[in-house]
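Please explain how the chain shown below is built, beginning with its overall form and then turning to the charged side chains that pair within it.

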Amino acid sequence: MMHRFFLKLSQVFAYLGGLMLTLLVVMTCVSVVGRKLNDLLHDMVADGNMAGLAQALLDANIGAINGDFELIEAGIAFSIFAFLPLCQITNGHASVDIFTSKLSARTNRVLRAVIEVVFAMVLVLIAVQLSSGMFSKLRSGQTTFLLQFPVWWAYALSLTGAVTAAIVAIYMALIRIMESLTGATILRDEMGAEH
Amino acid sequence: MSDLAIGIWSFPALLVLIFLRVPIGLAMFVAGLVGLMLVGGGPLVPFARLKSETFTTFSSYSLSIVPMFLLMGHFATLGGMSQALFKAAQSWIGHRKGGVAMAAVGACAGFGSICGSSLATAATMSRVALPELRAYGYAGGFATATLAAGGTLGILIPPSVVLVIYAILTEQNIAKLFLAAFIPGLMAALGYVLVISLYVRLYPKSAGTRPRVPYGERLKALFAVWPVLMVFITVVGGIYGGIFTPTEGAAVGAFGTGLIAWVNGGLNRSSLAESFFVTARSTAMIFFIVLGAAFYNGFLALTQVPQEIAAWVGALGVSPWLVLILILVFYLILGCLMDSLSMILLTIPIFWPVIQGLDFAMVTMADLHAARAAEALAKGLSLAPDMLDSIQATLAQGAELTREQIRALGLRGVNEGALTRINIEQTAIWFGILVLIVVEVGLITPPVGMNLFIINTMDRKTPIIETYKAVMFFVASDLIRVVILVAFPAITLFLIAW
């Protein structure tokens, strides 16, 4: 029951991150096409080839999307933070397990619990420091260069993913602690991530 | 303890953590955090760095190419392009001895040209090709080994996620690296085809035969792969031609493959969610390693360890080639234990300064003069006849131009600094391709190669020991290729302009 909730939560974030990624992909394509059209129209105006129409289209602001670079940077950070919880709950992180496979099941369970606890601590630390980073950007009122939107917005968006990742990591750590105390396997491993 | 000693002790500490199955990204992160505390005298410095460092690492324009390429690879799978490629390759060469296996390699190469990851290529192509291979009487271990090896083409043939990371770490041009990977990638595919034809002659029972396909059907099957070709040419050609940045290229590729998947009916609500989940897991894994590596490397840089090691190796006075070979052997061994991306992120910050400090005599001053003079003359520069003669005489001797000759040609920026930059870039590209190949060999080296495991999970009937036996032939062909590419840097570099 609990597990279903956390898995669903992680999936929702992964889905949102995927939607953001798709949005960035589409926006980048539109921007590339716009930039190429803009070059073409400028050439047409220069060559006097349907110059009136070309100029009219140029005046309608056909061109690269202003600040596409900044939007990608802000959006992709959200996507990646939003991807973290799913990786956490499905054991997607890359590790080397040929040496530990020789150890006893009990040792492995304890080892795994310790690792998950450290992981949770690190993700909590990351979320806490990110929020403190966000507040300092909020206070300084720093904005991006082209679009002039406050930098703290991007931080705040990312923070939602970072906090969720920290919560999921704490949940996983608790599961692994329970496993090492009771000696029973609660969650099976899934296959390694494809990359 | 001095900072340098702390830096050096962090290596064994990190290795112990990794071998205790601490996720590699976490191990590097913790090692970097503890190291920074020891060097900086407390948690204040590393904690302050964390306020912005995670965000800036994840909000990188150049790294955003990674999730986009991953999404593109998954869309390519959904679009049925793996089937189309395999069918086309099979219809042309399937009837030959070992032809279905060769077709699988060909299809892997084709799929690799739109997918930047090795495991994804191996998994996707296995789903398509394994049943066919078994149906035509190919031995289990031979079939799985072929697909495991073919999968490595996913990362060798551009686009390649690992090359993107290498390019960012060594501050090199992604487009040039992609271009440089092209010929070694084709050599790999060719080498695997040769291995297959050798294998079926050694073990004739390991492969059955398949009837010929009429030419009309062959052409039809070939025509069906045009979307793959179009996506590849748009993405790699566009990036190389400077039409768009690598990130934009990845976005265009993801859009294109997504569109094809949608048109072919492979993209619906549930498969889209599945693509997001797979992309999410891989992306999060990669970026957590990138974050850990950024933190650990930040700490190492502070302790001066990379510079000290590079200086130490330089002072040893051993042949640069020996150093290179030792590094490649190290990668081969480590590659049996660790995935390629972690290995690159872990080691390149240390090995690259070492390699950069060595002189492989890629380009000499005379080469540079000759190339720039040829460019100037090709532009239709008019010179006094005697000056032109003397310049041509100098170039014919393979000597450096004199000051007067350089002035007459109006050459700018032909100096030691330019030569060093060119040599560093050439070395970086060549070394990157070599490293890429040796880390990929690790993916198919028994007993722990990851491609072998992936394919083993898809074909439970074949004992993994059978795969181990057959894959050694492919590993041998990889090693021969590495030797050739080390001995002749020009094979990798001759497409790269300087």
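Helices and strands are here DSSP runs, of at least four residues for a helix and at least two for a strand, numbered from the N terminus. On that basis, the predicted model shows 24 helices and zero strands in chain B.

The overall dimensions of the chain come next. Along the principal axes, the C-alpha atoms of chain B occupy a box of roughly 70 × 70 × 45 Å. The radius of gyration of chain B is 25 Å, which agrees with the value near 23 Å that a compact globule of 498 residues would have. Of the 498 residues in chain B, 60% are buried. When contacts between residues at least 6 apart in the sequence of chain B are considered, 81% of them join residues at least 24 apart. The accessible surface of chain B amounts to about 19500 Å², and carbon and sulfur atoms account for 67% of that surface.

Charge is the next topic. Chain B carries 27 positive and 22 negative side chains, and the centres of these two sets are 15 Å apart. Over all chains, the count of salt bridges comes to seven. Three examples follow.

One of these salt bridges joins B:Lys176 to B:Glu425, with 3.2 Å between the closest N and O atoms. This pair links distant parts of the chain, since B:Lys176 belongs to helix 10 (residues 174-202) and B:Glu425 to helix 21 (residues 416-443) of chain B, 249 residues apart. Both B:Lys176 and B:Glu425 are buried.

Another salt bridge lies within a single helix. The side chains of B:Glu53 and B:Arg49 meet at 3.0 Å, N to O. Because these two residues, B:Glu53 and B:Arg49, are four residues apart in helix 3 (residues 44-58) of chain B, about one helical turn separates them. B:Glu53 has a relative accessibility of 13% and therefore counts as buried, the cut-off being under 20%. B:Arg49, at 27% relative accessibility, counts as partly exposed.

A further salt bridge is formed by the side chains of B:Lys469 and B:Glu466, with an N to O distance of 3.8 Å. Both residues, B:Lys469 and B:Glu466, lie in helix 23 (residues 464-487) of chain B, where they are three residues apart, about one turn of the helix. Are these partners buried or exposed? B:Lys469 counts as exposed because its relative accessibility is 54%, and the exposed class begins over 50%. B:Glu466 has 34% relative accessibility, so B:Glu466 counts as partly exposed.

How values were computed: Residues numbered from 1 in each chain as written. Chains lettered and ligands numbered in written order. Predicted model: local features only at pLDDT ≥ 70, side-chain atom pairs only at ≥ 80, totals over all residues. Heavy atoms only, no water. Salt bridge = Lys/Arg side-chain N within 4 Å of Asp/Glu carboxyl O. Buried < 20%, exposed > 50% of the residue type's maximum accessible area, 1.4 Å probe, protein only. Rg over C-alpha atoms; globule rule 2.2 N^0.38 Å. Contact = heavy atoms within 4.5 Å. Areas by Shrake-Rupley, 256 points an atom, 1.4 Å probe, with all protein chains shown as cover. Lys, Arg positive; Asp, Glu negative; His and termini not counted. Charge placed at Lys NZ, Arg CZ, Asp CG, Glu CD.
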